[in-house]
Amino acid sequence: MIRAARLIFILSLLCGLVTAHFALSQQSSQSIPDKSQNVPLPRPSGMATGGIHAPIKDSHSRPITAGGFVDDAQVIFVDITHQAGLDKFHHRSGSLEKSTIIEAPGSGVALLDYDDDGWLDIYFLNGSTVAAVKGGEPAPRAMLFHNHHDGTFTDVTDKAGVSNDRWGFGVAVADYDNDGWPDIYVSNYGKNRLYHNNHDGTFTDVAEKSGVALGGWSTGATWGDYDRDGLLDLFVPGYVHYDLDHPILAGKGGVPEGACQYRGVNVFCGPLGLLGEGDHLFRNNGDGTFTDVSLKAGVADREGRYGFASVFADVDDDGWPDLIVANDSTPNYLYRNRRDGTFEDISYMSGFALNEEGRAQASMGIALGDYNHSGRLGLFITTFSDDYKTLYRNDGNASFTDVSFKAGLGSPTIPFLGWGTGFLDFDNDGLLDLFIANGHVYPIADQRDWGTTWAQRPQLFRNLDGAKFQEVPPATGSGLAAVVCARGAAFGDLFNDGHIDVVLNNLDFTPTLIRNVVHNSNHWVTLKLIGQTLTSTSSSSAHSVAQGEPSSTASFSSSSIVAADRGGRLSLPPGMPSHHSSSDAIGAKVFLTAGGVRQRADVFSGASYASTSDPRLHFGLGSASKVDKLEIFWPSGLREEVTLPCIDCVVQIVEGKGSVTGITR
């Protein structure tokens, strides 16, 4: 296999193309046939697919990626990493020189309420080294930090049993067994882990027993109920088929000296020219085990692309979750759910595979949200430096248009190398803003006048009117002026104060927690959704729960439903067949109307870069002092209207039961 990989690599260098290889599966039953197409790319190696741009400097002659600070700008975020106690964690990924590709991508971060106390905790994945993987030195450890409700966090990794001790890349959180407690899936180089929550502050790795351990190199996974049986399924993208004992290096093993370059400078080889790792879809069997249905479902990645991030989301609004995959240096995937256990690859037809130039980009992370109040999910993709980051407007029926430059997101993002990303309403004005975590993969960038740097500041773009974004000036000394080599990014209200904060997992460094300190008179509300299993009290079929468009979904008042406790069952009106939502309601859509504006938010697991954000749904209300209407489209198909008891508060809503006020401001 190593000889074959080297031969393929050399051939790709000679012809200037990346050959689309068949995906390599870890199970013989999942073997994939030969290649299906060749994907022409402008460079034979590396991650970059964009052009070369002139350096942009600030008034102090600093590259804009590590400069451009404004002394009198409004302070949006404040770096409180040290005060919070999070700098105990230190990420490590191979050598500082980054001589091989496995050392460069870095790791994700997750926000989750692992102990069900109503406050978000933080889980940082760590990388590793070749020596640690081979047992020659202690392995870097992941860390779980418990939220003390006072702005501080404590390391509880040892008690929880979630140190991973493998080369970690992605983390996806969800309650896969519907017991009411969040579980953690960790994507590694080597075998993955599935940490089952034991309800007592501890976890047990059940990946082997469950059949989801895999092997190879896995990245940003996602949970979603693709077959709508009430059980969350798992999609795991693969990156590069990589052998630690036989890394492909320029000048060795038959690879020509100088074969792997960026802007004429020698760098590590790949991913172009290397074999891509296959993708995997695991169907939840409901008994603690999963079945690999990748081939049957049509999402096994026959083209052998380099998957980095993924997310289940209903982008065509037919009531069934579709699948989005961001691929490095190769076309992205958009799989449309056929509602029969299979997916249709509509990547090119949808407009999502390539940018408006018809070019594949080096896609790293995914953000999704209804940024323009169209009632549809738009998609945003982070990319390599010397390339713009891409906003895809959802035009309906799973059709997307690249509007990056029209929206003001094109030129300002070109010098940066983006990773984790997310839509968030940082000022609670009712419009989703956009955050990008940045950092380069080639340390030599600091030694060249490329206009980009190894460590980079994040970017925040304010949504002006649903069509235009404007970069928020990074106030000197603020969280937006933190110059780090960021990778994973997660978003959530860590302090239950109605403001969305950001956590970054930084390559070879301590993490960054930037707290949202915006003070204005805007209102907000945060919703925690809890799904239920709905059972009929009669065999009659007089009523049904619609499975199609949300507008056609049956509506039932909560007064007609008898609710049980969390994790229990509900009784539907006589004659209605049984339907199911997962306990954490992944796949639910909420439409909130306030002040004449209708907003949408979805519950999902994954996205960003290999990270998981706050599963609760946050709505900024602007000056509106009440919510006029709240509609919930549960994954079961139930449509429910709920009257909120308050604003500026966190509200828990149980499917079919109504709302219970949580923590108020």
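Let me begin with Pro271, which sits in the loop that runs between strand E15 (265-266) and strand E16 (280-284). In this predicted model, the peptide bond that joins Gly270 to Pro271 is cis, with an omega of about 5°.

Before I go on to two other loops, a few words on the chain as a whole. Seven helices and 43 strands make up its list of secondary structure elements. The chain has 665 residues, and 64% of them count as buried. If we take the contacts between residues at least 6 apart in sequence, we find that 65% of these join residues at least 24 apart. As for the surface, the chain exposes about 22,000 Å², and 51% of that area is supplied by carbon and sulfur atoms.

Now to the backbone again, and to Arg339, which belongs to the loop between strand E20 (333-337) and strand E21 (343-345). Its phi is near 75°, which is a positive value in a residue other than glycine. Is Arg339 buried, exposed or partly exposed? Because its relative accessibility is 45%, and the partly exposed class lies between 20% and 50%, Arg339 counts as partly exposed.

The other residue I would like to show you is Asn496, in the loop between strand E30 (486-492) and strand E31 (501-506). Here too the residue is not a glycine and phi is positive, with a value near 50°. Asn496 has a relative accessibility of 5%, which is under the 20% cut-off, and therefore Asn496 counts as buried.

Definitions and conventions
Residues are numbered from 1 along each chain as its sequence is written. This is a predicted model: local features need pLDDT of at least 70, side-chain atom pairs count only at pLDDT 80 or more; totals for chains, interfaces and linings use all residues. Side-chain values use heavy atoms; hydrogens and water are left out. Helices (H or I, at least four residues) and strands (E, at least two) are DSSP runs, numbered from the N terminus. Buried means under 20% relative accessible area, exposed over 50%, partly exposed in between (1.4 Å probe, protein chains only). Contact means heavy atoms within 4.5 Å. Accessible areas come from the Shrake-Rupley method with a 1.4 Å probe; for residues, only the protein chains shown count as cover.
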